[in-house]
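I opened this notebook to keep track of what I looked up, one entry at a time. The coordinates come first, and my entries follow.

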Amino acid sequence: MQNLMKSLFLGAFVASFVTFTAQADPARWAREGWKTDFSITSINLARVLSGGPPRDGIPSIDDPQFKPHAEIDFLADTEPVIGLVVNGEAKAYPLRILTW
């Protein structure tokens, strides 16, 4: 019975913590450096929940590793990519990788 009570208490604590931390907080956003005027809104910000990592919470890829097309075996020939040519050098950025 005591283990059950501990489990229920822990579950309630985690649920309340997640609910508390997931709510919109324009003051926190301002402290994080956002310049958006959150006083102008057509929705109730209290209904907005966090959707992922904070601003700059996804690290940049500073040294991407490119391979020749012939060495790529995990993408189909019909895989959508964003193509870019700079100084005659072509690169393809798979949308599946970019959105991940």
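Does Glu-32 count as buried, partly exposed or exposed? I looked this up before anything else and found that Glu-32 counts as partly exposed, at 33% relative accessibility. I note here that I am reading a predicted model.

**Overall layout.** I listed the elements next and found three helices and two strands in the protein, which run α-α-β-β-α from the N terminus on. I then checked burial across the 100 residues of the protein and found that buried residues make up 7% of them.

**Salt bridges.** I searched the whole structure for salt bridges and obtained three. Side chains of opposite charge can pair when their charged atoms come close. Glu-32, with which I began, meets the side chain of Arg-28 in one salt bridge, at 3.3 Å from N to O, and Arg-28 is itself partly exposed at 30% relative accessibility.

In another, Arg-96 pairs with Glu-79, and I read 3.0 Å between the closest N and O atoms. Because Arg-96 lies in helix H3 and Glu-79 in the loop between H2 and S1, this pair ties together parts that are 17 residues apart in sequence. I looked up the exposure of both partners: Arg-96 is partly exposed, with a relative accessible area of 41%, whereas Glu-79 has 19% relative accessibility and counts as buried, since buried means under 20%.

I also recorded the salt bridge in which the side chains of Lys-91 and Glu-89 meet, at 3.5 Å from N to O. Lys-91 counts as partly exposed at 24% relative accessibility, and Glu-89 is partly exposed as well, with a relative accessible area of 49%.

**Backbone at Asn-87.** Most residues other than glycine have a negative phi. I therefore noted Asn-87, which is not a glycine and yet has a positive phi of about 55°. Asn-87 is found in the loop between strand S1 (81-86) and strand S2 (89-94), and at 81% relative accessibility it counts as exposed.

**Pockets.** For the largest pocket I noted a volume of about 860 Å³ and a lining of 25 residues, of which Phe-66, Ala-92, Tyr-93, Pro-94 and Ile-97 lie nearest its centre. S2 gives the largest share of this lining, six residues, and S2 and H3 each supply at least two. When I sorted the lining of the largest pocket by character, I found 18 nonpolar, two polar and five charged residues.

The second largest pocket holds about 200 Å³ of space. Of its 15 lining residues, Arg-28, Trp-29, Ser-50, Gly-52 and Pro-53 are the closest to its centre, and the lining divides into eight nonpolar, four polar and three charged residues.

**Surface patch.** I then looked for nonpolar side chains on the surface and found that Ile-82, Leu-95 and Leu-98 form a patch with about 250 Å² of accessible area together. I placed Leu-98 in helix H3 (residues 95-99), where it is partly exposed, with a relative accessible area of 48%.

**Pairs apart in sequence.** My last entries concern C-alpha distances. Gly-33, in the loop between helix H2 (26-31) and S1, lies 8.7 Å from Arg-55, with their positions 22 residues apart in sequence counted as separation. Pro-26, found in helix H2, is 8.3 Å from Leu-45 in space and 19 residues apart from it in sequence.

Notes. Residues are numbered from 1 along each chain as its sequence is written. This is a predicted model: local features need pLDDT of at least 70, side-chain atom pairs count only at pLDDT 80 or more; totals for chains, interfaces and linings use all residues. Side-chain values use heavy atoms; hydrogens and water are left out. Patches are made of residues with over 30% relative accessible area and no salt bridge: like charges are joined within 9 Å, nonpolar side chains (Val, Leu, Ile, Met, Phe, Trp, Tyr) within 5 Å. Accessible areas come from the Shrake-Rupley method with a 1.4 Å probe; for residues, only the protein chains shown count as cover. A salt bridge is a side-chain nitrogen of Lys or Arg within 4 Å of a carboxyl oxygen of Asp or Glu. Helices (H or I, at least four residues) and strands (E, at least two) are DSSP runs, numbered from the N terminus. Buried means under 20% relative accessible area, exposed over 50%, partly exposed in between (1.4 Å probe, protein chains only). On a 1 Å grid over the protein atoms alone, a cavity is a set of points where a 1.4 Å probe fits but cannot get out, and a pocket is an open set with protein on both sides within 12 Å along at least five of seven lines; lining residues have an atom within 4 Å of a point. Grid points are joined across faces, edges and corners, and a volume is the space filled by probe spheres set on the points. Ala, Val, Leu, Ile, Met, Phe, Trp, Tyr, Cys and Pro count as nonpolar, Asp, Glu, Lys and Arg as charged, and the others, Gly among them, as polar.
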